[in-house]
Amino acid sequence: MAEFHLEMKVNGKPIVLDVDPGLRLLDVLRDILHLTGTKEGCGEGECGACSVILNGKLVDSCLVLAPQANGQEVITIEGIAQNGELDSLQKAFLEAGAVQCGYCTPGMILAAKVLLDHNSTPSRLEISKSISGNICRCTGYTKIIQAVEIAASRIATKEGADHA
Amino acid sequence: MPDYSTIGKSIQRIDGIDKVLGKSQYIADIDLPGTLCLKVLRSDVAHALVKKIDVSEVERIPGVVRIFTHVDIPGINGYGIIVKDQPALTDKVRFKGDAIALVAAENEEIAKRALKLIKVDFEKLPPIYDVWTALKEDAPAIHSRGNILTVSKIKKGDAEAVLNQAEVVVSRSYTTQRVEHCYIETEGGVAYIENGILVIKVSTQNPHYDRRDVARVLGLPMNKVRVIQATTGGGFGGKLDISVQCFLGLAAIKLGRPVRMVYDRQESFVATGKRHPFFIDYTTAANKEGKLLAVKVKIVGDTGAYASYGPATLVRAAVHATGPYEVLNVDIDALCVYTNNPISGAMRGFGTPQMAFACESQMDLLAEALGISPVEMRRRNILQQGSITATGQKMNKSVGIGKTLEAAWEKALQVMPGLGDERR
Ligand code: FES
Ligand code: FES
């Protein structure tokens with residue numbers, strides 16, 4: 001099969017590749033770019049372990065073909081800590097005990113990030129909805145929701161301070 | 001409480017930072033150059049003898065390195081945590097999904113293509129999909145020792161006599177379903193030879209047991225096998241059993257190349273253990289004051305094609321059959337039975353959740369029959385200091401369940417207003 005010329009931005013870096021057009025975005029990230037923080041749990045859009053942010057929206061990268069990501073901007077779990085400093089969600093997940101086996105964690109954090117990027121004062125219900133496409137078999141979700149609340153309140157305090 | 005450095009404090013997980021950064025290496029994240037891909041041909045019939053395995057077409061495919069079947073097992077072809085009844089590669093199929101042949105190929109695509117070209121001749125046997133058929137005297141034997149794997153009994157006092165005279169008797173049958181653990185990371189592993197030692201890195205809960213079974217199946221001394229638990233994406237009991245370990249070991253020692261095998265979700269569903277479905281006949285007797293007098297329970301657990309943790313699960317079920325309540329007369333039988341269903345093994349609670357469903361339902365029914373509140377019914381029977389359990393253990397140290405009951409009730413009243421209004 002003819003290769004597809006793929007150009008996209010991943011975690012802020014421009015990427016240029018010739019790939020098999022049948023590859024999923026998940027395969028490109030994991031197997032070619034070695035960004036293995038994005039996980040495969042089901043391969044059919046059920047579990048959310050493969051979640052990445054594509055142009056500001058949360059997607060299951062197992063359901064996105066590589067050519068569909070052409071010209072787009074992708075953010076993976078590897079791209080959200082800034083200058084060696086954990087993102088407030090990453091910190092809050094650790095503090096709240098929202099990480100157990102960790103397999104759902106990258107997808108969960110990205111799902112919560114998309115929420116907080118659009119809404120820094122979410123309700124519990126909004127938080128639950130934002131992670132409703134991501135399955136966690138370990139935590140029972142309570143701690144994850146708490147973690148997102150902690151991160152949201154920190155962001156709100158920080159924004160308040162910035163505006164003062 | 002005195003101020004300790006660790007006890008009573010929230011401690012950050014040692015692997016937490018790597019996990020939130022996406023840096024932890026689970027099996028599927030390990031990149032070993034030159035790794036062969038392994039895939040298993042699984043049976044699509046439930047009960048059959050394997051008469052012939054024809055791999056002639058497969059061996060001609062470029063990129064197929066080797067196909068293994070039961071004749072290639074160098075050691076004893078049987079593993080299992082309690083009973084060594086599961087062959088790594090079988091010549092008798094006991095469930096849909098039993099492993100028949102192992103393909104080692106240069107990549108996944110070739111391995112998958114190879115699976116389709118292996119031809120197996122079966123001599124079909126009548127499949128048994130329920131425990132009642134399995135228990136019949138003339139049922140075909142799934143294993144040579146018969147279909148009843150274990151019988152566990154607890155007898156205390158004279159339950160039968162009390163049941164015949166008690167003021168209130170409630171008798172019901174309960175069934176519970178098979179449940180898949182569904183850890184988000186499926187099973188997987190890699191293996192390679194290092195300084196003459198077989199090294200298997202695997203997503204597991206049981207590296208020491210894995211090592212013993214791999215050594216047995218491969219005919220190796222234990223000190224030639226090293227099992228390393230990789231960062232494991234959930235287990236819940238389901239990763240206590242052997243999954244990919246023997247396949248990886250076999251291919252690595254025979255081929256001398258690094259090998260890798262990761263189940264997809266479907267294979268994880270098909271091939272690995274589940275929670276035991278239980279069939280429970282439960283009879284409870286109480287007096288007018290709501291004090292439990294006797295319990296008679298028969299439990300049949302469907303352990304599927306292989307034992308896995310079945311015997312221990314049914315022992316646990318028997319021990320917990322009376323729940324957290326004191327009962328003086330107890331008569332419990334728990335049978336662990338083979339069928340041609342998927343394997344049942346360890347899963348969170350190990351037989352106890354199934355029994356809690358039955359036992360607590362009985363408590364509600366008794367409360368209703370006696371016209372007392374379900375909470376009160378439990379208060380009157382809950383284990384406390386000095387109580388004697390069904391197995392005869394005297395609870396002479398602290399017993400917390402009474403406090404837990406009250407705390408749970410308080411919480412229930414908080415979150416479900418109106419709950420306390422009627423007959424509580
Ligand atoms: S792997 Fe994509 S949703 Fe499960
Ligand atoms: S932490 Fe294990 S699946 Fe969420």
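This report walks through the domains, one helix, one loop residue and the salt bridges of a predicted model.

## Two domains in chain A

Let's start with chain A, where the domain assignment gives domain 1 (4-79) and domain 2 (88-163). Taken over C-alpha atoms, the centres of these two domains of chain A are separated by 22 Å. Contact between them involves 16 residues of domain 1 of chain A and 13 residues of domain 2 of chain A.

Together, domain 1 and domain 2 of chain A bury about 1100 Å², with 67% of that on carbon and sulfur atoms. On the domain 1 side of this chain A interface, strand S3 (51-54) and strand S4 (57-60) each supply at least two residues. The largest share of that side comes from S3(A), with three residues. As for polar pairing, the rule finds zero salt bridges across the interface of domain 1 and domain 2 of chain A, while four residue pairs are in polar contact between these domains of chain A.

## Two domains in chain B

In chain B, each domain is made of two segments: domain 1 covers 30-124 + 182-271, and domain 2 covers 133-179 + 274-422. The C-alpha centres of these domains of chain B lie 37 Å apart. Here 22 residues of domain 1 of chain B are in contact with 23 residues of domain 2 of chain B.

The buried area between domain 1 and domain 2 of chain B is about 1700 Å², and 57% of it is on carbon and sulfur atoms. Three residues stand out on the domain 1 side: B:Asp85, B:Arg94 and B:Phe236 supply 31% of the area that domain 1 of chain B buries against domain 2 of chain B, more than any other three residues. Across this interface of chain B the rule finds zero salt bridges, but it does find 13 residue pairs in polar contact. Helix H8 (residues 265-271) of chain B gives the most to the domain 1 side that touches domain 2, with three residues.

## Helix H6 of chain B

If you like a quick geometry check, try helix H6 (residues 207-218) of chain B. With 12 residues at 1.5 Å a residue, H6(B) should span 16 Å, and this agrees with its end C-alpha atoms, which are 16 Å apart. Right after H6(B) comes B:Gly219, whose phi is positive, near 65°.

Which residues of H6(B) are buried? They are B:Pro207, B:Asp210, B:Asp213, B:Val214, B:Ala215, B:Val217 and B:Leu218. These buried residues of H6(B) pack against strand S10 (197-202), strand S11 (225-229) and helix H7 (245-255) of chain B. As background, an α-helix has 3.6 residues a turn, so residues three or four places apart point the same way.

## A buried loop residue

B:Gln86 is worth a look too. This residue lies in the loop between strand S3 (64-68) and strand S4 (92-93) of chain B. Is B:Gln86 buried or exposed? B:Gln86 counts as buried because its relative accessibility is 14%, under the 20% cut-off. Leaving aside neighbours within four places in sequence, B:Gln86 is in contact with B:Asn77, B:Gly78, B:Tyr79, B:Tyr306 and B:Ile343.

## Salt bridges

Over all chains, the count comes to 33 salt bridges by this rule. Side chains of opposite charge can pair when their charged atoms come close. One of the pairs is B:Glu185 with B:Lys239, at 3.0 Å from N to O. This pair links distant parts of the chain, 54 residues apart: B:Glu185 is in the loop between strand S8 (168-175) and strand S9 (188-194) of chain B, and B:Lys239 is in the loop between S11 and H7 of chain B. Both ends are buried, B:Glu185 with a relative accessible area of 3% and B:Lys239 with 1%.

Another pair joins B:Lys296 and B:Glu160, whose closest N and O atoms are 3.2 Å apart. B:Lys296 sits in strand S14 (residues 292-304) of chain B and B:Glu160 in helix H5 (residues 159-165) of chain B, 136 residues apart. B:Lys296 is partly exposed at 31% relative accessible area, and B:Glu160 is partly exposed at 38%. Both belong to a network of salt bridges that links B:Lys153, B:Lys155, B:Glu160, B:Lys296, B:Asp331 and B:Asp333. Finally, B:Asp72 and B:Arg66 meet in a salt bridge at 3.6 Å, N to O; B:Asp72 is buried at 17%, whereas B:Arg66 is partly exposed at 29%.

Notes: Residues are numbered from 1 along each chain as its sequence is written. Chains are lettered from A and ligands numbered from 1 in the order in which they are written. This is a predicted model: local features need pLDDT of at least 70, side-chain atom pairs count only at pLDDT 80 or more; totals for chains, interfaces and linings use all residues. Side-chain values use heavy atoms; hydrogens and water are left out. Helices (H or I, at least four residues) and strands (E, at least two) are DSSP runs, numbered from the N terminus. The expected span of a helix is 1.5 Å times one less than its number of residues. Buried means under 20% relative accessible area, exposed over 50%, partly exposed in between (1.4 Å probe, protein chains only). Contact means heavy atoms within 4.5 Å. Domain bounds come from an automatic or database domain assignment. Buried area is the accessible area (1.4 Å probe) that two parts lose on being put together, summed over both. A salt bridge is a side-chain nitrogen of Lys or Arg within 4 Å of a carboxyl oxygen of Asp or Glu. A polar contact is a pair of N or O atoms within 3.5 Å; within protein, one must be able to donate a hydrogen and the other to accept it, and residues adjacent in sequence count only if both atoms are side-chain atoms.
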